[in-house]
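Let's take a friendly walk through this fold, from one helix to the core and then out to the surface. Keep the viewer open as you read.

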Amino acid sequence: MVFGVFYFYQRYEYLINTPVNSQNSQSIFFTVDKGESVSSIGKSLQEKELIQDAQSFSLYTRLSGLDKDFKPGRFDLNQSLTAAEIAKQLTTNDHRQIVLTIPEGYTVVEIDQLLTQNSLISAGEFSNAVKNYQNYSKYSFLDSKNQSSL
């Protein structure tokens with residue numbers, strides 16, 4: 001009996017703290033829908049080969065108190081992340097991507113208001129970025145990979 005408990009714990013720790021492929025950091029986009037269950041998220045992560053075991057992932061999020069904190073959105077993940085790291089990314093706003101449509105004809109002020117309403121920036125931040133277009137690097141809400149094309 002003690003051996004069985006020890007084996008289960010060791011296996012659980014391995015599945016949570018070992019990435020699927022530590023050598024593969026290629027982006028895999030993953031979407032969490034609003035209200036999606038932990039078990040559904042775990043199954044989808046396993047199907048995309050981002051985690052090794054959906055049940056261990058679900059158990060980990062419940063034991064860690066993260067099961068109610070999943071944020072809807074699109075996330076840039078990879079196989080070199082552990083299940084614990086993925087759970088953390090899916091429960092914070094720091095790593096999610098949001099698709100936002102800006103209607104044609106919107107002014108800079110209206111775009112700023114739209115971004116502020118969606119909690120993506122502080123009021124006036126977009127307007128200031130447009131006014132100070134020579135120094136995009138100081139605006140954290142801009143994708144640094146694509147700043148040269150602005």
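The paragraphs below cover a helix, the core and a surface patch.

Please note that this is a predicted model, where local features need pLDDT of at least 70, side-chain atom pairs count only at pLDDT 80 or more, and totals for chains, interfaces and linings use all residues. Residues are numbered from 1 along each chain as its sequence is written, and side-chain values use heavy atoms, with hydrogens and water left out.

Start at helix α2, residues 38-47; helices (H or I, at least four residues) and strands (E, at least two) are DSSP runs, numbered from the N terminus. Here V38, I41, G42 and L45 are buried, that is, under 20% relative accessible area, whereas exposed means over 50% and partly exposed lies in between (1.4 Å probe, protein chains only). These four cover an arc of only 100° around the axis, which puts them on the same side of α2; the arc is taken from the directions from the helix axis to the C-beta atoms. On the other side of α2, K43 and E47 are exposed. The cover over the buried residues includes β1 (28-32), α3 (54-63), β2 (73-77) and α4 (83-90).

Now look at the largest nonpolar core, a set of buried Ala, Val, Leu, Ile, Met, Phe, Trp, Tyr and Cys residues joined through side-chain atoms within 4.5 Å. Of its 21 residues, F30, I41, L45, F57, L77, I86 and L90 touch the most other members. Helix α4 gives the most to this core, with 5 residues.

Finally, L59 in helix α3 is partly exposed, with a relative accessible area of 31%.

Notes. Contact means heavy atoms within 4.5 Å.
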